[in-house]
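Welcome, and thanks for taking a look at this protein with us. Please have the sequence and the 3D view open as you read.

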Amino acid sequence: MDALTAGKRPDLVLDLRAVSFIDCTGLGVLCRSRNRVLTRQGRLRLVSQNPCSLSILRLTGLADAFEINPDLPTALAASVITVPAGSMPCAGRSHAMTRRPSATGP
């Protein structure tokens, strides 16, 4: 991903349809890639309809940080969006999943 995001104005579509699980390392890679793309005035789009992947992004507060499309043709045809300079929703976030305490014990 570093090589893909190294150029000027990178325009990437990441197809996550085959991804069944994203852990904190995967979220970190996505956020790093997004931040690098934004710094270079580029664009990163994700493709996924997987309820588990989408749920992880929502639970970690990252769903709004990414442009998520339901299929590849939609992602490729999506109009250009403008992200304000300095807008880095992934910056400084902890990507570790926090376990919520249950009522029945630790």
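What follows is a short tour, from the overall layout to single residues.

## The overall layout

Please keep in mind that this is a predicted model. The protein has 3 helices and 3 strands. Reading from the N terminus, these elements come in the order β-α-β-α-β-α.

How much of the protein is buried? Of its 106 residues, 33% are buried. The surface that the protein exposes comes to about 6,800 Å², and carbon and sulfur atoms supply 57% of that area.

The contacts tell us about links along the chain. Taking contacts between residues at least 6 apart in sequence, 71% join residues that are at least 24 apart.

## The segment before the first strand

A good place to begin is the start of the chain. Met1 lies in the segment before strand S1, and that strand covers residues 11–15. With a relative accessibility of 33%, Met1 counts as partly exposed. On the surface, Met1 belongs to a nonpolar patch with Leu4 and Val29. Together these three residues offer about 250 Å² of accessible area.

Asp2 is also in the segment before S1. Asp2 has 38% relative accessibility and so counts as partly exposed, because buried would need a value under 20% and exposed a value over 50%.

Further along, Arg9 is found in the segment before S1 too. Arg9 is not a glycine, yet its phi is positive, at about 50 degrees. Arg9 counts as exposed, at 52% relative accessibility.

## Salt bridges

Side chains of opposite charge can pair when their charged atoms come close. How many salt bridges are there in this model? The count comes to 5. The table shows some of them, with the distance between the closest N and O atoms.

| Pair | Distance |
|---|---|
| Arg32 and Asp2 | 3.0 Å |
| Asp2 and Arg36 | 3.6 Å |
| Arg43 and Glu67 | 2.8 Å |

Let us take the pairs of Asp2 one by one. The side chains of Arg32 and Asp2 meet in a salt bridge, with N to O at 3.0 Å. Arg32 lies in helix H1 (residues 24–39) and Asp2 in the segment before S1, so this pair ties together parts of the chain that are 30 residues apart in sequence. Arg32 is partly exposed, with a relative accessible area of 45%.

Asp2 also forms a salt bridge with Arg36, where the closest N and O atoms are 3.6 Å apart. This pair, too, links distant parts of the chain: Asp2 is in the segment before S1, while Arg36 is in helix H1, 34 residues away. Arg36 has 16% relative accessibility and counts as buried.

Now we move to strand S2, which spans residues 43–47 and holds Arg43. Arg43 forms a salt bridge with Glu67, with the closest N and O atoms 2.8 Å apart. Arg43 lies in strand S2 and Glu67 in strand S3 (residues 67–69), so the pair ties together parts that are 24 residues apart in sequence. Are Arg43 and Glu67 buried or exposed? Both residues are buried. Salt bridges that share partners also join residues into a network, made up of Asp2, Arg32 and Arg36.

The link between Arg43 and Glu67 appears as a polar contact as well, made by their side chains at 2.8 Å. For Arg43, the relative accessibility is 11%, which means that this residue counts as buried.

## Cysteines

A disulfide is a covalent bond between the sulfur atoms of two cysteines. How many disulfides does the model contain? The count comes to 0. Two cysteines are worth finding in the view. Cys24 is partly exposed, with a relative accessible area of 38%, whereas Cys31 is buried, with a relative accessible area of 2%.

## A loop residue to end on

Our last stop is Gln41, in the loop between H1 and S2. Gln41 has a positive phi of about 60 degrees, although it is not a glycine. Is Gln41 buried or exposed? At a relative accessible area of 54%, Gln41 is exposed.

Conventions
Residues are numbered from 1 along each chain as its sequence is written. This is a predicted model: local features need pLDDT of at least 70, side-chain atom pairs count only at pLDDT 80 or more; totals for chains, interfaces and linings use all residues. Side-chain values use heavy atoms; hydrogens and water are left out. Helices (H or I, at least four residues) and strands (E, at least two) are DSSP runs, numbered from the N terminus. Buried means under 20% relative accessible area, exposed over 50%, partly exposed in between (1.4 Å probe, protein chains only). Contact means heavy atoms within 4.5 Å. Accessible areas come from the Shrake-Rupley method with a 1.4 Å probe; for residues, only the protein chains shown count as cover. Patches are made of residues with over 30% relative accessible area and no salt bridge: like charges are joined within 9 Å, nonpolar side chains (Val, Leu, Ile, Met, Phe, Trp, Tyr) within 5 Å. A salt bridge is a side-chain nitrogen of Lys or Arg within 4 Å of a carboxyl oxygen of Asp or Glu. A polar contact is a pair of N or O atoms within 3.5 Å; within protein, one must be able to donate a hydrogen and the other to accept it, and residues adjacent in sequence count only if both atoms are side-chain atoms. A disulfide is a pair of cysteine sulfur atoms within 2.5 Å.
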